[in-house]
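Visitor: I have this model open on my screen and would like a walk through it. Could you take my questions one at a time?

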Amino acid sequence: MASDDRTACSGPTAPLADPTNPPAGPTGPTSPTSPTDPLADPNSPQAAPTDPTAPLATRSERHARALAHVRALDHARALAHALAAADHGLAVIPLTSGKLPAVRSPHRADGDAASAGHAQCRGECGRPGHGIHDATAEPAAVRALFAAAPWATGYGIACGTPPRHLIGVDLDIKGRTDGTAALRELARAHGFAVPLTVTVLTPGGGRHLWFTGPPGREVPNAVGRPAPGIDIRGAGGYLVGPGSYTPRGTYRLSPTGPSWPPAPVPAALLDLVAAPPPTANRRPPPRRPAPALPDPGARLVDFVRNSRAGHRNDRLFWAACRAYESGAGDELAPALLEAALRTGLPAREARATIASAARTTAASPAARRRDRSAAPRNDAWRSPRSW
């Protein structure tokens, strides 16, 4: 375990940790060569038993006690960091060295027939052991959770909860996937700058960027979105907090970024990672009945309505010319416009096309003959033959 872990700080405006001040043990630092040092190598001359004929079990027990002491230090350090995070209003839970919720479910040993119903329990039973639903910023509750999981060596910070509404952007570096480079590319493509914010360095070489979001916008958890190498931690998710120990190493605050507070999430980035806003629960406006059209007019409207991309403008122009030539242009223009809009043609373009057809048919008979001969032809559809 590295020796530059950050110590927990107190006070509402204090940073989460100080990277230059490693924490001392409960009884102060000890000499690494002292025969009383519980962390000394059991195979070293200093740690060896006085009696060279001592059984191997004694060495094993000594080594086990040393490991237990190390785990206790990791547990105490994680608790101190978790309390510092809670002091900033962040809800936390204890984590195992595998980064999973450490408090075991209270329902796993239930043998009654009703235990199947506990699968949907989110803490309503009043007992701890419900993962992220246990997250709290109350110091006494945080201590109780850690007391229930003495094997915890880290802590998780709940995302999406008030008052911070934390959003975590997890940038992974695996093989050819570089989340940091992907975020820079997104920033260039969508015109936003990535602000300096609280940044946690992961043992695997990646980093977690912390942002605060607006209370009315839900951000879901996502993997590989909005780009490969970028994971999002939002509502219902958590970030591994700085000071957490795992077999791969310790999570640490970046010394080049601010310690507190997290920066607001850029609006363009929020649009990329947030859930789409819920549609208003409104009744669609009643559709007006289509006016009774003469049979040729109905066929012209159907001709436009069945247009495909790449032929929508040509079909609309051709049908509008025929409508104006027949003298029913003004009557059919609204129905032709509606049919064109249904195909996806922009309203401004559709109106301009119909107006152009009206001007064209008002020209000389020779121009009208040229327009008729220029009707669009495609093997996928046929022009109406009779009106």
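What follows is a set of questions and answers on this structure.

Guide: Before we start, this is a predicted model, where local features need pLDDT of at least 70, side-chain atom pairs count only at pLDDT 80 or more, and totals for chains, interfaces and linings use all residues. Residues are numbered from 1 along each chain as its sequence is written, and side-chain values use heavy atoms, with hydrogens and water left out.

Visitor: How many helices and strands does the chain have?
Guide: Helices (H or I, at least four residues) and strands (E, at least two) are DSSP runs, numbered from the N terminus. Counted that way, the chain has 9 helices and 15 strands.

Visitor: What percentage of the residues count as buried?
Guide: Buried means under 20% relative accessible area, exposed over 50%, and partly exposed in between, using a 1.4 Å probe and protein chains only. Of the 387 residues in the chain, the buried share is 39%.

Visitor: Which helix gives the largest share of the largest nonpolar core?
Guide: A nonpolar core is a set of buried Ala, Val, Leu, Ile, Met, Phe, Trp, Tyr and Cys residues joined through side-chain atoms within 4.5 Å. The largest one has 32 residues, and V92, V142, F146, Y155, I157 and W210 have the most contacts inside it. At least two residues each come from α1 (56-87), β3 (92-95), α2 (139-148), β4 (154-158) and β11 (238-240). The largest share, 6 residues, belongs to α1.

Visitor: Which residues is F146 in contact with, beyond its neighbours within four places in sequence?
Guide: Contact means heavy atoms within 4.5 Å. Leaving those neighbours aside, the contacts of F146 are H75, A78, L79, A82, P94, A152, G154 and Y155.

Visitor: Which strands stand at the edges of the open sheet β3-β4-β11?
Guide: Two strands pair if DSSP finds at least two bridges between them. The sheet has 3 strands with antiparallel pairing, and 4 bridges join β3 to β4. Each edge strand has a single partner, so one side of each is left without a neighbour in the sheet; these strands are β3 and β11.

Visitor: At what angle does α2 run to β3?
Guide: Axes are lines fitted to C-alpha atoms, for helices over the stretch in contact, and angles run from 0 to 180 degrees between N-to-C directions. Helix α2 lies across β3 and β4, and its angle to β3 is about 15 degrees.

Visitor: Which residue in β10 stands opposite D170?
Guide: Strand β5 (residues 166-171) has 6 of its 6 residues buried, with L166, G168 and D170 on one side and I167, V169 and L171 on the other. It is joined to strand β9 (residues 207-212) by 6 antiparallel bridges, where the partner of I167 is F211. With strand β10 (residues 230-233), β5 pairs in the antiparallel sense over 4 bridges. There, the residue opposite D170 is D231.

Visitor: How far apart in sequence are the parts that the F303 and W318 pair ties together?
Guide: Rings of Phe, Tyr and Trp (its six-membered ring) pair if their centres lie within 6.5 Å; planes under 30 degrees apart count as stacked, over 60 as edge-to-face and the rest as tilted. F303 and W318 are both buried and form a tilted pair, 5.2 Å centre to centre with 55 degrees between the planes. F303 lies in helix α5 (residues 295-305) and W318 in helix α6 (residues 312-325), so the pair ties together parts separated in sequence by 15 residues.
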